[in-house]
Structure formats: structure tokens, C-alpha cells
Amino acid sequence: MKKIFTLVAAALLVAAPALFTSCDDDPWYDDEPWWYGNDEPWWYGYGDGDYGWNDNYYNNSDNDNDDYADDEADVLQGEWDGTMVYTNGDNGQKSSFYANMTFVRNNSDAIKGTGTEIDYTLDSNGNIDQQNDPLKFNWYIDEQTGDIYIKYTNTQNKSTFVMDASASQHGFRLDEKTGSFSGYMLGTNNNDMIYIDLKRVQNSEAKKLTRAVSSARFFGSSAVTPVTFGKQSLTTRR
């Protein structure tokens with residue numbers, strides 16, 4: 001049964017009309033991928049072995065975690081909704097669509113957990129036009145770096161991505177005060193790259209998940225270089 005995001009989707013459609021720009025106006029949407037030739041995409045370096053999913057870390061990172069990582073997991077958990085741009089790193093093809101992502105902690109102290117992502121497009125009235133089947137993923141936070149790792153468990157290649165907390169332009173920003181989560185998911189066992197721009201879904205469940213704090217917390221970079229949200233089209237994950 002399809003989950004309906006009509007209210008959130010309608011708000012996104014009204015709030016960000018400028019995001020729907022012509023592919024011809026955006027250098028990310030060139031007919032010829034710009035890296036063909038002597039250059040490769042900047043994110044290819046994340047697949048060279050320095051980054052990558054760590055099963056031992058995922059299986060053992062649970063309790064007695066660093067306060068910073070615990071706070072980051074506390075802000076990350078819950079439901080997020082917004083825009084996503086997916087780049088196929090082999091041929092440069094872009095797919096822009098809306099995405100709903102939910103992060104669930106394994107327990108109240110865990111800096112890892114599971115999640116669900118549902119990709120969809122909207123019609124001119126802000127109603128769901130097309131919707132993909134849910135994608136399941138596992139996630140964890142590297143306690144030493146604050147990087148967020150995401151592995152899609154029901155894709156053929158178990159596609160894995162990292163969000164680099166220390167990157168100055170192509171990292172991520174997770175902001176409790178504004179309820180925003182934006183940045184780059186960089187392929188570590190694949191050549192693909194994903195850009196997200198999400199807002200927290202303020203339902204009763206999300207309010208229960210986030211504890212009260214004296215000051216709002218944010219993680220990652222203070223500034224993230226945005227990507228234009230082009231013509232809507234869903235993609236099939238590899």
C-alpha cells in the first residue's frame with residue numbers, strides 16, 4: 001500500500017518553485033558528462049578504500065558512545081522529506097525527484113540503525129504522481145569522524161554511501177534548529193552520487209524521538225554547495 005505524503009509534498013511544491021529549472025540551464029545536466037576524458041568526478045576518491053562500510057563497526061557500535069556521536073544520532077533519527085538529485089556516475093545521467101527518508105535507531109543509545117526511503121514525483125497540483133517501492137537501508141555514524149554511512153540493503157549491489165562531515169563544500173549539514181538535513185551521499189562501492197535537501201516531518205512521532213535540549217545542535221559543515229533540482233524523473237537503483 002502506498003504511503004501518502006500529500007500535505008508535505010504540496011508544501012514543498014509551493015515553497016520551492018525555483019527548483020524546477022530547465023535541464024539546459026544547469027551545468028550538472030550537460031548532454032556530455034563533463035568528466036569524460038582526462039578527468040573523473042571529484043567523488044570517485046571516496047571509493048578508493050579510505051571510506052567504505054565497516055561491518056565490524058556496524059555490528060559493535062552500540063553503547064558507551066561519544067557524546068557528539070550520540071547527539072548526532074539523536075538529531076538524525078526520525079522522518080525527513082524533501083528533494084533528491086541522483087547522479088549515475090558511470091554515464092552522468094541525473095534523476096530529480098522527491099524523497100521521504102526515515103532513520104530509526106536500534107536503541108536509545110545506538111549510533112546506528114535501520115531506515116526506509118520512498119522516492120516519488122508530484123503533479124502540478126502537488127499530488128503524488130509516481131512512487132517507487134520502498135528502499136530499505138542500514139546506517140551508522142563513525143564515532144571518530146561524525147561521517148554518516150548508509151547501505152541500501154534491497155538493491156542488487158547493496159549500494160553504500162558516505163556523508164563526509166569534514167568536507168567544506170560537498171559534505172552535509174544536519175541542523176536541529178531549522179529542522180533541515182542537506183548534503184552529499186557519495187558512493188563507496190559504486191560510482192554514483194546523491195544530493196539531498198530534506199526537512200524534518202513534524203508529526204507526533206518525530207517530536208517524541210527528539211529530546212529537549214538547552215541549545216540547538218548542528219553537525220557537519222556550516223555551508224553546503226547546493227545542486228539544482230531539475231526535471232522530475234524517478235530512477236531505478238542499482
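Two rings of Phe, Tyr or Trp count as a pair here if their centres lie within 6.5 Å, and a pair is called edge-to-face when the planes are over 60 degrees apart. Keep in mind that this is a predicted model.

By that yardstick, the structure holds 20 aromatic pairs. Take Tyr152 and Phe161: their planes stand at 85 degrees, so this pair is edge-to-face. Another edge-to-face pair is made by Phe172 and Phe181. Here are the numbers for the two pairs:

| Pair | Centre to centre | Angle between planes |
|---|---|---|
| Tyr152 and Phe161 | 6.0 Å | 85 degrees |
| Phe172 and Phe181 | 6.3 Å | 90 degrees |

Are these rings buried or exposed? Tyr152 has 1% relative accessibility, so it counts as buried. Phe161 is buried too, with a value of 1%. Phe172 and Phe181 are also both buried.

These four rings belong to one aromatic cluster, together with Trp80, Phe103, Phe137 and Trp139.

Rings also turn up next to charges. The charged end of Lys112 sits over the ring of Tyr58, 5.1 Å from the ring centre. Over at Phe218, it's Arg173 that lies over the face of the ring, and the distance to the centre is 4.2 Å.

Now for a residue with no ring at all. Gly78 is part of strand β1, which covers residues 78-87. Gly78 is buried because its relative accessible area is just 1%, and the cut-off for buried is under 20%. Gly115 is 37 residues away from Gly78 in sequence, while in space the two C-alpha atoms are 9.3 Å apart.

Definitions and conventions
Residues numbered from 1 in each chain as written. Predicted model: local features only at pLDDT ≥ 70, side-chain atom pairs only at ≥ 80, totals over all residues. Heavy atoms only, no water. Helix = DSSP H or I, 4+ residues; strand = E, 2+ residues; numbered from the N terminus. Buried < 20%, exposed > 50% of the residue type's maximum accessible area, 1.4 Å probe, protein only. Phe/Tyr/Trp six-rings, centres within 6.5 Å; stacked < 30°, edge-to-face > 60°. Lys NZ or Arg CZ within 6 Å of the ring centre and 35° of its normal.
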